[in-house]
Amino acid sequence: MFESVYDKFKLHFYQETFARFQNREASLTTVEAFAMEAIHALGSPTVHEFADFMRISSSNAAYKIGSLIRKGYVEKVQSESDGREYHLRPTQKYLDYYSISSHYIHDVMARIKERFSEDDLAKFEEMLSVMSEELMPEVTV
C-alpha cells in the first residue's frame, strides 16, 4: 500500500509538471531535477557534502552544480564560519518549481487531519517517525 501512495505522489507531480511545461521546454533535465531535490532535502549542503551523498566525484558534482547555477536554480553562499567553504542554496526559481509537489503533500495532509482521529494521527506520526529515524538508515540527512 505504501508503494501505491508513493506512486500517486510521483504521478501527481508528473501531471502538474507536464501541464506547466506543455507549451515550452522544461529547463531542468531529469538528473538536474534529482540533484536539486537532493540539495533541497540536505538543507544547504556544501559541494563536497552533495558529492559524497550522491556518491559522485567532486568534479562531477561541480559540473552539475555549475549547470544549475547557470540555469538559476541554485546559488553558492559563502560560509560565515569558514570563508573557503560554500553552501548550496536553492533559489526562488527552484522553490517555485518544488512547490508543485509540496502543495499537494500539504493538501493530502490536510485531508488526513480531517479524516482521522487525534489518536490515529498520533499513531501515523509515530509510524512515520520510526520509518524515518530507524528503518531508513541508508539515507542520513
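In this predicted model, a good place to start is L88, which, leaving aside its neighbours within four places in sequence, is in contact with I39, S44, P45, T46, V47, F50, I65, V74, E75 and K76. L88 also belongs to the largest nonpolar core, a set of 19 residues. Together with M36, I39, F50, I65, L68 and V74, L88 is among the members that touch the most others. Helices α2, α3 (47–54), α4 and α5 (92–115) each put at least two residues into this core, and α2 gives the most, with five.

That makes α2 worth a look of its own. The helix has 13 residues and spans 18 Å from its first C-alpha to its last, close to the 18 Å expected at 1.5 Å a residue. Its buried residues are E32, A33, A35, M36, A38 and I39. A35, for instance, sits in α2 and has a relative accessible area of 2%, so A35 counts as buried. Leaving aside its neighbours within four places in sequence, A35 is in contact with F50 and L68. As for M131, A35 lies 96 residues from that residue in sequence and 23 Å from it in space, C-alpha to C-alpha.

Next comes the pairing of α2 with α4. The axes of α2 (residues 30–42) and α4 (residues 58–70) come within 11 Å and cross at roughly 95 degrees, so the two helices are roughly perpendicular to each other. On the α2 side, the contact is made by V31, E32, A35, M36 and I39, while α4 brings K64, S67 and L68. Sorted by character, the residues of this contact come out as five nonpolar, one polar and two charged. Two of the α2 residues named here, M36 and I39, turn up again among the core members that touch the most others, as does L68 of α4.

The backbone has a few spots to point out as well. Just after α2, G43 takes a positive phi of about 75 degrees. Most residues other than glycine have a negative phi. S44, which is not a glycine, nevertheless has a positive phi, near 65 degrees. This residue lies in the loop between α2 and α3, and S44 counts as partly exposed because its relative accessibility is 31%. R55 is another non-glycine residue with a positive phi, of about 60 degrees. R55 is found in the loop between α3 and α4 and, at 73% relative accessibility, counts as exposed.

Key. Residues numbered from 1 in each chain as written. Predicted model: local features only at pLDDT ≥ 70, side-chain atom pairs only at ≥ 80, totals over all residues. Heavy atoms only, no water. Axes fitted to C-alpha atoms, helices over the stretch in contact; angles between N-to-C directions. Helix = DSSP H or I, 4+ residues; strand = E, 2+ residues; numbered from the N terminus. Parallel < 35°, antiparallel > 145°, perpendicular 65-115°, else oblique. Contact = heavy atoms within 4.5 Å. Nonpolar A, V, L, I, M, F, W, Y, C, P; charged D, E, K, R; others polar. Core = buried A, V, L, I, M, F, W, Y, C linked by side-chain atoms within 4.5 Å. Buried < 20%, exposed > 50% of the residue type's maximum accessible area, 1.4 Å probe, protein only. Expected span 1.5 Å × (residues − 1).
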